[in-house]
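User: Please go through the terms used for this model and show how each one is earned.

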Amino acid sequence: VPTRTGVRYLKRIAKSGATIKVLTNSYAATDVALVHSGYAHRRKGLLRAGIELYEYAADAEDRRPSERNRRERLLGSDIRGTSPFSRNKLHAKVFAVDRARVFIGSFNFDPRSMRLNTELGIVINAPEIATEISETFKEFIPARAWRLRLTRAQQLRWSRPGHGVRKREPGVPFSHRIFLWIAQRLPIEWML
């Protein structure tokens, strides 16, 4: 949930020439729909700022283990929920900066993490790890996540190799779209 301030900050970074790619949960891969609505509210602003958005697909790892290569097994690409009842989701916050530094932690970069939760994270100077994260993102994420884009008419589109382009958010039934539409208009972003 980047908030308006977060979108402006990321926009400044992107305008300076930095490439920013974000992988987050799709609605179908999240366990907190209300939080997803807070992020979804900011998608267009992030895309207009030049930020690449990817939303992890709930069915991304529906392949046999034998189909996975050594790098996938080494990096533990099976992203699973924390209990048998959880949907596949992302929880760790990891990012690489300039192929030199890495942040790893639980801090969500949202108002709730800044004001309410006890969160942590570390920044390490590790060019090898930062490069590996960047290369792995480039190699594996496009097939496992929906890439978001804006049309000329400023409409969102989701695409993924082998799945074509979608005009509606994948994995969101009609009744949930109504909930998300309402939730995005509530003044609760500060609590998310």
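Analyst: Two strands pair if DSSP finds at least two bridges between them. Helices (H or I, at least four residues) and strands (E, at least two) are DSSP runs, numbered from the N terminus. The model is predicted: local features need pLDDT of at least 70, side-chain atom pairs count only at pLDDT 80 or more, and totals for chains, interfaces and linings use all residues. Residues are numbered from 1 along each chain as its sequence is written, and side-chain values use heavy atoms, with hydrogens and water left out.

User: What makes E3 and E5 the edge strands of the open sheet E3-E4-E5?

Analyst: Three strands form that sheet, with antiparallel pairing. Strand E3 (93-97) and strand E5 (121-125) each pair on one side only, which puts them at the edges. The twist from one strand to the next averages 15°; angles run from 0 to 180 degrees between N-to-C directions, with axes fitted to C-alpha atoms, for helices over the stretch in contact.

User: How do you know that E3 pairs with E4?

Analyst: Five bridges join E3 to strand E4 (residues 101-105), and at least two are required. The two strands run antiparallel, and Val 97 stands opposite Arg 101 in E4.

User: Why does one side of E1 and of E8 have no neighbour in the sheet?

Analyst: Strand E1 (21-25) and strand E8 (164-166) have a single partner strand each, so one side of each is left free in the sheet. The order of this open five-stranded sheet is E1-E2-E6-E7-E8, and its pairing is mixed. E1 and E2 run parallel, joined by five bridges, with Val 22 opposite Leu 53 in E2. E2 and E6 are antiparallel over four bridges, and Leu 53 stands opposite Leu 148 in E6. E6 and E7 are also joined by four bridges and run antiparallel; Arg 147 stands opposite Ser 159 in E7.

User: Which residues does Glu 52 contact beyond its sequence neighbours?

Analyst: Glu 52 lies in strand E2. Contact means heavy atoms within 4.5 Å. Leaving aside neighbours within four places in sequence, Glu 52 is in contact with Thr 19, Ile 20, Lys 21, Val 22 and Arg 147. Ile 20 is 32 residues away along the chain, yet its C-alpha atom is 6.3 Å from that of Glu 52.

User: Why is H2 called oblique to H7?

Analyst: The axes of helix H2 (residues 33-40) and helix H7 (residues 174-183) come within 9 Å and cross at roughly 60°. Angles under 35 degrees count as roughly parallel, over 145 as roughly antiparallel, 65 to 115 as roughly perpendicular and the rest as oblique. The angle falls in none of the named ranges, and therefore H2 is oblique to H7.

User: What makes up the contact of H2 with H7?

Analyst: H2 contributes Ala 33, Leu 34, His 36 and Ser 37, and H7 contributes Phe 179, Leu 180 and Ala 183. These residues divide into five nonpolar, two polar and no charged. Here Ala, Val, Leu, Ile, Met, Phe, Trp, Tyr, Cys and Pro count as nonpolar, Asp, Glu, Lys and Arg as charged, and the others, Gly among them, as polar.

User: Why is the pair of Tyr 54 and Phe 137 called edge-to-face?

Analyst: A search of the whole structure finds two aromatic pairs. In the pair of Tyr 54 and Phe 137, the centres are 5.4 Å apart and the planes stand at 85°. Rings of Phe, Tyr and Trp (its six-membered ring) pair if their centres lie within 6.5 Å; planes under 30 degrees apart count as stacked, over 60 as edge-to-face and the rest as tilted. Both criteria are met, so the pair is edge-to-face. Tyr 54 is in strand E2 (residues 52-56) and Phe 137 in helix H6 (residues 127-144), 83 residues apart.
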